[in-house]
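Visitor: Before we talk, could you put the model on the screen, so that I can follow each point on the coordinates?

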Amino acid sequence: MKNITLLGATGSIGKSTLSVVDLHPDKFNIFALSANTDWKQMIKLCNKYQPSYAIMVDEQSAEKLSNAITTDIQVLSSVKALDKIVTHQDTDYIMAAIVGAIGMSSALCGAKAGKRIMLANKESLVLAGDIFMKTVKEFNAELIPVDSEHSAIFQCLKSGKSGLNKIQLTASGGPFLHTPISKFKSITPDEACAHPNWSMGRKISVDSATMMNKGLEVIEAHYLFSLTPKQIDVVIHPQSIIHSSVFYKDGSTLSQLGNPDMRTVIAYAMSYPKRMNSGVSELDLTSTASLEFYQPDFEKFTCLKLAFEALNKGGNAMITMNAANEIAVKYFLNHQISFLDIPRIIDQTLSTMKHTTLNSLEEVINNDLVAREIAHEIIKQHG
Ligand code: NAD
Ligand code: MG
């Protein structure tokens, strides 16, 4: 029996994780659950899973949850509580599925405690990829990607990196693949969140629509698989059936395929190195629409270009980019800026922020905060 600490339990990845756990009550137990503010949903989850701990990062929500719970589940609050529970001796596996930079600290603490980290929070690697990978190695933690592309690469690389030419991340292209750029200005948050293939939280859905998500994934792949930017390629594949591929010198290309459903990726991370049922139906290629592939349009999807540039530049550029993106997406989701403002704000934040190298986690966190302030200022000044 493996005890799971599920961070981000009320989100899209959280829900899919619980549905996989439901299929295997003999193998997995929910040890702890966390969320930010959705205490009503958390009451339901606590009643069903009876975890030892429930953490609401928002204090008022923790109080409401605590008042509503009658059993002896311990309700905690704050990011520090997350950092503590992931290191608890009874935590075996951590599903790191909090959205945004705020999810980094707990994922990193879990790595320091030598746990299995099932990493959905790609922002952790974008912010502190070097530190994260070193920590995983030093403390003998297990890092299993919970991102469909990276899970695909992880699986394909089982035949080794010898003779590897490149990896290729597939991208659906999002809801605006065929929308002319002249229409981008009037895109609404709901239109941006209506992803054709994947059902996801609102932040990552907007990232998919701008293709910043693919940019973050290129950086994620760079750290996870220790590859140079030149070894990471992106191809548009609107059907999301091929989840990514690796290309070898001898002409062999290995790909991982499946229906677009994160339960496959989650079940793999939970059962690795074995396989188990995820509840996802088997792929039937005879009834699948024909598979298409295109080159990405870097002029239309400027965010993808910005991410490649930030990776090539190194230092604090990726952290600054991620912070500005989080702020811009938040304003966009609140109807305060337009879709086209997102790349503009990121670009301006990057040119305002001094380019430096960062040598510690403290410097990373500080850079993240300063970049957020600059992005706020840019939005306030120019709207
Ligand atoms: P979501 O918005 O559906 O859920 C986010 C979760 O994080 C919620 O449980 C929420 O309570 C929690 N959260 C939000 N703000 C918080 C805060 N300040 N403090 C603590 N907890 C907070 O997001 P999601 O789609 O489940 O994505 C989660 C992560 O997984 C993201 O990093 C995303 O990039 C990654 N990811 C998601 C998918 C997907 O299919 N949804 C695929 C690959 C990677
Ligand atoms: Mg992905």
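Visitor: At which residues does UniProt place the "binding site" feature that includes D147, and what is the largest C-alpha distance among them?
Guide: In this predicted model, the feature "binding site", which comes from an unreviewed UniProt entry, is placed at D147, E149 and E217. Of these, D147 lies in the loop between β7 (142-145) and α7 (148-156). Although the three are spread over 71 residues of sequence, they cluster in space, with a largest C-alpha distance of 8.5 Å.

Visitor: Which residue of the UniProt "binding site" annotation that covers K122, S148 and S172, among others, belongs to the lining of the second largest cavity?
Guide: That annotation, again from an unreviewed entry, covers K122, S148, E149, S172, H195, S208, N213, K214 and E217. S172 can be placed in the loop between β8 (164-171) and α8 (189-193). From the annotated set, the lining of the second largest cavity takes in S148.

Visitor: How many residues surround ligand 1, and how many of the shell are charged?
Guide: Ligand 1 is surrounded by 23 residues, of which the closest are T10, S12, I13, E123 and G201. The shell draws at least three residues from each of domain 1 (2-145) and domain 2 (148-259 + 282-312). Sorted by class, it has 13 nonpolar and seven polar residues, and the number of charged ones is three.

Visitor: What share of the area that ligand 1 exposes when taken alone does the protein bury?
Guide: Among the backbone contacts, a backbone N or O atom of G201 lies 2.8 Å from an oxygen atom of ligand 1, while for N36 the corresponding distance is 3.0 Å. A backbone N or O atom of A120 also lies 3.4 Å from an oxygen atom of the ligand. Taken alone, ligand 1 exposes 820 Å², and the share of this that the protein buries is 87%.

Visitor: Which peptide bond is cis, with omega near 5°?
Guide: One of its two residues, P273, lies in the loop between α11 (262-271) and α12 (302-313). With omega near 5°, the cis peptide bond is the one from Y272 to P273.

Visitor: What value does phi take at Q50?
Guide: Q50 lies in the loop between α2 (39-49) and β3 (53-56). Its phi is positive in a residue other than glycine, with a value near 45°.

Conventions:
Residues are numbered from 1 along each chain as its sequence is written. Chains are lettered from A and ligands numbered from 1 in the order in which they are written. This is a predicted model: local features need pLDDT of at least 70, side-chain atom pairs count only at pLDDT 80 or more; totals for chains, interfaces and linings use all residues. Side-chain values use heavy atoms; hydrogens and water are left out. A residue is near a molecule or strand if one of its heavy atoms lies within 4 Å of it. A polar contact is a pair of N or O atoms within 3.5 Å; within protein, one must be able to donate a hydrogen and the other to accept it, and residues adjacent in sequence count only if both atoms are side-chain atoms. Accessible areas come from the Shrake-Rupley method with a 1.4 Å probe; for residues, only the protein chains shown count as cover. Ala, Val, Leu, Ile, Met, Phe, Trp, Tyr, Cys and Pro count as nonpolar, Asp, Glu, Lys and Arg as charged, and the others, Gly among them, as polar. Domain bounds come from an automatic or database domain assignment. UniProt positions are given in the numbering used here, feature names are shortened, and annotations may be inferred rather than shown by experiment. On a 1 Å grid over the protein atoms alone, a cavity is a set of points where a 1.4 Å probe fits but cannot get out, and a pocket is an open set with protein on both sides within 12 Å along at least five of seven lines; lining residues have an atom within 4 Å of a point. Helices (H or I, at least four residues) and strands (E, at least two) are DSSP runs, numbered from the N terminus.
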